[in-house]
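Dear colleague,

I am passing on the structure we spoke about, and my notes on it follow below. Please read them with the coordinates open beside you.

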Amino acid sequence: MADHRERLSLGRRSRLTAGAIAVAVTACLGAAGCSVVKSAASAQASPSEIPLHDTPAGPSADPFAATPADHWANGAAGIVLPAAKPIGGFTTAQVESAYQTTRKLLIAADLDKTTLLGGAPTAFADLLTNASRTWFLDGLNKEGVNKAGAPLSTRQYVVSFAPGSTQLIGNVIKVHGTMHAQAATNGGSPELDIYVDYLFTYAAEPPHHPEDWMRLVSEAAWDVSFGDWQGAPTSFEPWFSTDGDDGVAGNSCGNKDGYVHPAWPSTRETEPSASGSGAPLNPYAPGQSASVTCQNTTGT
């Protein structure tokens, strides 16, 4: 087997987090930094078209109404795989297998209900290589941040609300994004890279307080590489990493435990973590990059 994948880190999964100032919602990359919009699909609403709901009322029958997410697919149906074809020296079957595994990783990280509600992220861990799985599970309960301000907890690599803090509204999570494959080499060995950029929109409320409901938007921007890694029991296993392009708009700034802590509307003006800076970003636009700072958004 190739020996160029010896690291145990899964890469960075940063979190775009949010509070409220004036008529904008603030966002902070609690794990790895702020984001800047690099591009937006023509179908995305403009920042001025994304409404905020700051009045004391419970969620409507459609909590995604009047947002770009309202027209996205529900749950895993939004993760549509490209047609597989031979790429470089990889067969159609290998490309199809890589797409399917990547889809499973996305579902486990961003849609698994046990993980979302703060439970054990077993669904995600089970899809990792042996070395990465051990590292991921061993780091779940770490607290604090590194020099870049990123949580030490590996919980940050999945979307997981702090236990007891959040109830999902209904059974629908809106999903939209793309993935594509590309042949590459690493240390002279061939690998198949699957690039993904998906947005997940959640409707949530704190327990017993439906009037404080809100939406959160998570971005999963990943590079999942497939090849023969040192120590892996089988060939063509996935190696998951991110480039700091992930985030959760709607999360509070300054988290140190890897969990998502929603910045509920009732607390945004009173909590220090609800302050941000910079020109407002559109959380429904794909392709955001990260640096360590709280950043304004146009609202979720």
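**Confidence and overall make-up**

The average pLDDT of the chain is 77, and 72% of the residues score at least 70; please keep in mind throughout that this is a predicted model. Confidence is highest in strand β3 (residues 73-74), at 98, and lowest in strand β2 (residues 24-29), where the mean is 28. Over residues 1-56 the pLDDT stays under 50, although the model has 243 contacts beyond four places in sequence for this stretch.

The secondary structure of the chain comes to four helices and 11 strands. Of the 300 residues in the chain, 53% are buried, and among the contacts in the chain with a separation of 6 or more, 69% are between residues 24 or more positions apart.

**Strand β7 and its partners**

I would turn next to strand β7 (residues 214-227), which is mostly covered, with 14 of its 14 residues buried. Met214, Leu216, Ser218, Ala220, Trp222, Val224 and Phe226 point one way from β7, while Arg215, Val217, Glu219, Ala221, Asp223, Ser225 and Gly227 point the other way, and all are buried.

Two strand pairings involving β7 deserve a look. Strands β6 and β7 run antiparallel and are joined by 13 bridges, and within this pairing methionine 214 of β7 is the bridge partner of alanine 204. The pairing of β7 with strand β9 (residues 247-249) is also in the antiparallel sense, over three bridges, and here glutamate 219 has glycine 247 in β9 as its bridge partner.

Methionine 214, which is found in strand β7, counts as buried because its relative accessibility is 0%, below the 20% cut-off. In space, methionine 214 and phenylalanine 64 are 9.8 Å apart, C-alpha to C-alpha, whereas in sequence they are 150 residues apart.

**Helix α1 and its contact with β7**

The length of helix α1 agrees with expectation, because its 19 residues should span 27 Å at 1.5 Å a residue and its end C-alpha atoms are 27 Å apart. The buried residues in α1 are Val95, Ala98, Tyr99, Thr101, Thr102, Leu105, Leu106, Ala108, Ala109 and Asp110. When you look along the helix, recall that residues three or four places apart point the same way, because an α-helix has 3.6 residues a turn.

Aspartate 110 has its place in helix α1 (residues 92-110) and, at 0% relative accessibility, counts as buried. The side chain of aspartate 110 makes a polar contact, at 3.4 Å, with the side chain of serine 218, and Ser218 is one of the buried residues of β7.

**Aromatic pairs**

The structure holds seven aromatic pairs. One of them is formed by phenylalanine 161 and tyrosine 202, which meet edge-to-face at 6.1 Å centre to centre, with 90° between the planes. This pair ties together parts that are 41 residues apart in sequence, because phenylalanine 161 lies in the loop between α4 (130-138) and β4 (167-168), and tyrosine 202 in strand β6 (residues 189-205). Phenylalanine 161 counts as buried at 1% relative accessibility, and tyrosine 202 is likewise buried, with a relative accessible area of 0%.

Ring pairs also link Phe90, Phe226 and Phe236 into a cluster, and Phe226 is among the buried residues of β7.

With best regards

How values were computed. Residues numbered from 1 in each chain as written. Predicted model: local features only at pLDDT ≥ 70, side-chain atom pairs only at ≥ 80, totals over all residues. Heavy atoms only, no water. Phe/Tyr/Trp six-rings, centres within 6.5 Å; stacked < 30°, edge-to-face > 60°. Buried < 20%, exposed > 50% of the residue type's maximum accessible area, 1.4 Å probe, protein only. Polar contact = N/O pair within 3.5 Å; in protein donor to acceptor, adjacent residues only side chain to side chain. Pairing = 2+ DSSP bridges. pLDDT = per-residue confidence, 0-100. Contact = heavy atoms within 4.5 Å. Expected span 1.5 Å × (residues − 1).
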